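Hello,

Here is the structure I promised to pass on to you. Please open it beside this message, and then read on for what turned up in it.

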Amino acid sequence: MALKFFDKLETRSPKMRERALMAALPKLIAHAKRNAPGFARILKSVDARKIKTRQALAALPVTRKSDLGALQKAEPPLGGLNATPVEKLAKLYMSPGPLFEPEGRGANWWRTARGLFAAGFRAGDRVLNTLAYHFTPAGSMLESGALALGCAVVPGGVGQTEMQVAAIAQLKLTAYIGTPSFLKLIVEKASEVNADISSLRRASVGAEYLPPALRAAMAERGIQVTQTYGTADLGLIAYESLGPDGKPTEGMILDEGLVLEIVRPGTGDPVGEGEVGEVVITSFNRDYPLIRFATGDLSAVLPGTSPCGRTNVRIRGWLGRADQSTKVRAMFVTPTQVNEIVRRHAEILRARLVVSGEPGADQMTLRCEVRRDAPGLAEAIVASIRDVTKLRGEVEFVDPRSLPNDGKVIEDLRKYG
């Protein structure tokens, strides 16, 4: 299979890409401070001219997706994070929460065409888009990318499985966009009603876990399934691609024009190479220039480059949620609190708070990888646990590198129900 690319940006040398991103950072930050009141406030003391390295970027405040509700209530409707006035935007969405998201004017605004191209979508494809079109942006996000590629789109939206099957069969649709679970329902319904959907050759799925067994089952039916990863705030973040053998390659490739950081949950501190942490993105979107935006999703960087020929960073895909807050004895304990305890003790390399016990008898144990067990260290950490969380907790020292690399700062072992 001959490898094809959406544009020349995908095959740049990593050094060339990094130089371009770092050169663009000061301009992005100056633009956000000048035009987005929220970022003017968040970055008030920042000299945009000095933010031209990853180290400088890592010193900036993190804006978390979980902060958006409060920011938007304080400064409606978009928390002042939009650099284009609301009246000049194309669309406003209202996701559950509610959280409000903008869409600007112009083709492929969400940048999803790149991910669809990597999945094999081409001009002339007839695409069934089963993502929601009402209030939330998912339907429009993927539709805009398909239209930019020259595809014809059937805006199916969610539900109405029999009508979706009929559309594929009667219009000879070649591609599907939606969740993997709904693709499975459509294929099963087609078999039930004896409908011919053999025209369907490829599917781009997202928004939920893709079981390997489902991907394999679709491949047996001649439907090649690949994944995209994005959010309603950022648009496309990463995507699967096809290798020389025509099959999906390992990991997901970061979209061009984004700066990715993987940070320790509850902080803005980048983790070590290959370590699982929270996905933080800086987006060069002139309308909505999100800077160090913490998605709340966990992932990790994969070493090496993709066999598909694209040279950008690869991530392991979605590995869970970074917000691991839990209630202990009727009080919330958060990753931020755990990291505050770690910050107070230079001897701690990494830590994980394990919550266990029977209902009504919660126990907290902070498992710590330490450089050395200094005299009185355990007692000092216990005191910090009490001071930060207002709860009693124990300490257990473990060997360096013995804690799992899964991004968890808090692990809840309690059994419910």
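**Helix 6 and its surroundings**

Buried residues in helix 6 include Gly139, Ser140, Met141, Leu142, Ser144, Gly145, Ala146 and Leu149. Please keep in mind that this is a predicted model. Helix 6 covers residues 138-149, and a rise of 1.5 Å a residue gives its 12 residues an expected span of 16 Å; the C-alpha atoms at its ends lie 17 Å apart, which agrees. Just past the end of helix 6, Gly150 has a positive phi of about 95°.

What does helix 6 sit against? An open sheet of nine strands runs in the order 5-4-6-7-8-9-10-15-14, and its pairing is mixed. At the edges are strand 5 (152-155) and strand 14 (301-302), each of which pairs on one side only. Helix 6 packs on this sheet, where it touches strand 4 (126-129), strand 5, strand 6 (175-178), strand 8 (224-231) and strand 9. The direction of helix 6 makes about 160° with that of strand 5.

For a close look at one pair in this sheet, try strand 9 (residues 235-239) and strand 10 (residues 252-254), which are antiparallel and joined over two bridges. There, Tyr239 stands opposite Ile253 of strand 10.

**The four-stranded sheet**

In general, the strands of a sheet pair through backbone hydrogen bonds, in a parallel or antiparallel way. A further open sheet has four strands in the order 1-13-12-11, again with mixed pairing. Strand 1 (63-64) and strand 11 (258-263) each have a single partner strand, so one side of each has no neighbour in the sheet.

Is strand 11 mostly covered or mostly open? Six of its six residues are buried. On one side these are Leu258, Leu260 and Ile262, and on the other Val259, Glu261 and Val263.

Strand 11 runs antiparallel to strand 12, and six bridges join them; Val259 has Thr282 of strand 12 as its bridge partner. Strand 12 (residues 277-283) is also antiparallel to strand 13 (residues 293-299), with four bridges between them, and here Ile281 is partnered with Phe293.

Ser283 belongs to strand 12. Its relative accessibility is 3%, so Ser283 counts as buried. Leaving aside residues up to four places away in sequence, Ser283 touches Leu28, Leu234, Gly257, Leu258, Pro289 and Leu290.

**Two helices that cross**

Helix 7 (residues 161-171) and helix 8 (residues 180-192) have axes that come within 9 Å and cross at roughly 75°. This crossing angle makes helix 7 roughly perpendicular to helix 8. Helix 7 brings Thr161, Glu162, Gln164, Val165 and Ile168 to the contact, and helix 8 brings Phe182, Leu185, Ile186, Lys189 and Ala190. By type, the residues of this contact are six nonpolar, two polar and two charged.

**Some backbone details**

Most residues other than glycine have a negative phi, and most peptide bonds are trans. With that in mind, here are some places to visit:

- Lys172 has a positive phi near 50°. It lies in the loop between helix 7 and strand 6, and at 43% relative accessibility Lys172 counts as partly exposed.
- Arg401 has a positive phi of about 65°. It sits in the loop between strand 20 (394-398) and strand 21 (410-412), and with 78% relative accessibility Arg401 counts as exposed.
- The peptide bond from Pro76 to Pro77 is cis, with omega near 0°. Pro77 is in the loop between helix 4 (68-74) and strand 2 (91-95).
- Gly97 and Pro98 are joined by a cis peptide bond, with omega about -5°. Pro98 is in the loop between strand 2 and strand 3 (99-103).

Enjoy exploring,

A colleague

Definitions and conventions:
Residues numbered from 1 in each chain as written. Predicted model: local features only at pLDDT ≥ 70, side-chain atom pairs only at ≥ 80, totals over all residues. Heavy atoms only, no water. Axes fitted to C-alpha atoms, helices over the stretch in contact; angles between N-to-C directions. Parallel < 35°, antiparallel > 145°, perpendicular 65-115°, else oblique. Contact = heavy atoms within 4.5 Å. Nonpolar A, V, L, I, M, F, W, Y, C, P; charged D, E, K, R; others polar. Pairing = 2+ DSSP bridges. Expected span 1.5 Å × (residues − 1). Buried < 20%, exposed > 50% of the residue type's maximum accessible area, 1.4 Å probe, protein only.
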